[in-house]
Amino acid sequence: MTIETISIEGLSTPVGRIGLGTWAIGGWMWGGTDEKESIAVIRRAIDSGINLIDTAPVYGFGASEELVGKALADGYREKAVIATKVALDWRDEKVFRNATPARIRQEIEDTLRRLRTDYVDLYQVHWPDALVPIEETAAVLAELQKEGKVRALGVSNFSVEQMDEFRRAAPLATTQPPYNLFERAIDDDVLPYVRQNKLVALAYGALCRGLLSGRIDQSTRFDGDDLRQHDPKFRAPRRDQYVAAVRELDEFARTRFGKPVLALAVRWVLDQGPIVALWGARRPSQLDGIEEVFGWHIDEASMAEIDAIIARHVKDPVGPEFMAPPQRVAI
Ligand code: NAP
């Protein structure tokens with residue numbers, strides 16, 4: 001299989017246009033984790049040509065970064081492009097934003113230790129923190145870059161104005177917004193900005209938290225602390241609309257392209273611009289379909305048919321806003 005690649009400013013190795021997302025692997029908010037499966041899926045990703053591994057300190061409160069570190073020991077580190085994040089803090093499993101220079105200085109050391117490495121390839125501000133000027137956050141990240149602890153800088157969940165502020169103090173290579181067939185808020189602003197400024201977008205939720213895999217229906221139950229229990233898309237009666245849309249998209253994809261809906265969903269994301277789609281696989285078998293994403297494109301007429309299918313079924317759309325961590329009220 002030949003995986004499509006794209007270059008990120010500041011990184012010497014091009015990255016595959018599918019990246020492995022490791023939030024679910026961390027367990028927290030995804031109903032638990034399995035260490036053996038997690039390590040196996042990370043190595044399977046690298047062996048398949050998926051070199052970008054996206055993680056964050058907050059995923060499992062260190063657990064996801066630790067697993068990535070373990071998986072990349074024994075010769076895998078040099079083949080991987082580690083994208084992690086900074087500026088979310090937590091106390092007693094309550095998460096809040098914290099982008100102060102002091103927090104960032106502490107976090108990078110914890111991250112490097114957990115990842116068993118002495119540099120991070122791509123360091124991303126996880127969410128903007130309204131209590132800290134963005135230029136202050138960017139300036140400390142630029143220092144880390146000069147010190148060689150991080151190679152390239154990114155942001156996540158930032159508006160266009162916030163990205164402008166960041167770029168006044170540091171070079172910006174990437175942004176990480178939510179983006180998939182059902183969640184397209186970036187079409188009007190962030191995506192045009194990415195194109196204009198030669199950034200790369202790392203699209204999260206490309207499978208819409210599993211909905212676009214085609215394996216979720218009305219009877220699917222989510223266990224433990226799985227965030228999909230609180231996701232408004234997965235609640236009746238709205239879930240019926242989304243499941244019906246996925247079903248028709250699957251029929252369409254199979255008839256038109258000979259592909260399942262999962263491949264259509266990821267191809268759709270990649271065909272929108274300079275984007276890497278993050279795929280939140282938690283078991284090696286969940287990466288089985290990646291080769292079906294490459295070697296074809298969705299033509300304009302099919303794009304319009306896809307939009308018509310979604311409009312026909314999803315009468316009451318809702319975005320991914322429920323995932324945003326609260327703003328702090330004081331430092
Ligand atoms: P996602 O990739 O849209 O969906 C993940 C879920 O899809 C998995 O938990 C799994 O569900 C299911 N899945 C994956 N491959 C499958 C397959 N082949 N067949 C059937 N189901 C499959 O969601 P995401 O984890 O929210 O997003 C991906 C990554 O983006 C995260 O891991 C993280 O790195 C990043 N992210 C970033 C932010 C941010 O604020 N920057 C926010 C969210 C996510 P089951 O668990 O049911 O098996």
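**Helix packing, ligand contacts and backbone geometry**

User: How are H4 and H5 set to each other, oblique or roughly parallel?

Analyst: Happy to start there, with the reminder that this is a predicted model. The axes of helix H4 (residues 134-146) and helix H5 (residues 160-167) come within 8 Å and cross at roughly 50°. Angles under 35 degrees would count as roughly parallel. H4 and H5 are therefore oblique.

User: Which hand does the crossing of H4 and H5 have, left or right?

Analyst: This is the pair whose axes cross at roughly 50°. The crossing of H4 and H5 is right-handed.

User: What is the orientation of H7 relative to H9?

Analyst: Helix H7 covers residues 238-257 and helix H9 covers residues 300-313; their axes are 8 Å apart, and the packing angle is about 155°. Angles over 145 degrees fall in the antiparallel class. With that angle, H7 is therefore, relative to H9, roughly antiparallel.

User: Which residues are closest to the ligand?

Analyst: Good place to look next! The ligand is surrounded by 30 residues. By class, this shell holds 11 polar, seven charged and 12 nonpolar residues. The closest are Asp 54, Ser 156, Arg 209, Arg 215 and Arg 282.

User: What is the distance from a nitrogen atom of the ligand to a backbone N or O atom of Gln 286?

Analyst: Let's take the ligand's oxygen contacts before the nitrogen. An oxygen atom of the ligand lies 2.7 Å from an N or O atom in the Asp 54 side chain, and an oxygen atom of the ligand is 3.3 Å from a polar backbone atom of Gly 205. For Gln 286, the distance from a backbone N or O atom to a ligand nitrogen is 2.9 Å.

User: How much of the ligand's accessible area does the protein cover?

Analyst: On its own, the ligand has 900 Å² of accessible area. The part of this covered by the protein is 93%.

User: Which peptide bond is cis, with omega near 5°?

Analyst: Most peptide bonds are trans, so a cis one is worth a look. Pro 237 sits in the loop between strand E11 (200-203) and H7. The cis bond runs from Ala 236 to Pro 237.

User: What is the phi of Asp 92?

Analyst: Asp 92 lies in the loop between strand E6 (88-91) and strand E7 (94-97). Most residues other than glycine have a negative phi. Asp 92 is not a glycine, yet its phi is positive, at about 50°.

Note on methods: Residues numbered from 1 in each chain as written. Predicted model: local features only at pLDDT ≥ 70, side-chain atom pairs only at ≥ 80, totals over all residues. Heavy atoms only, no water. Near = heavy atom within 4 Å. Polar contact = N/O pair within 3.5 Å; in protein donor to acceptor, adjacent residues only side chain to side chain. Areas by Shrake-Rupley, 256 points an atom, 1.4 Å probe, with all protein chains shown as cover. Nonpolar A, V, L, I, M, F, W, Y, C, P; charged D, E, K, R; others polar. Axes fitted to C-alpha atoms, helices over the stretch in contact; angles between N-to-C directions. Helix = DSSP H or I, 4+ residues; strand = E, 2+ residues; numbered from the N terminus. Parallel < 35°, antiparallel > 145°, perpendicular 65-115°, else oblique. Left-handed = near helix turned anticlockwise from the far one by under 90°.
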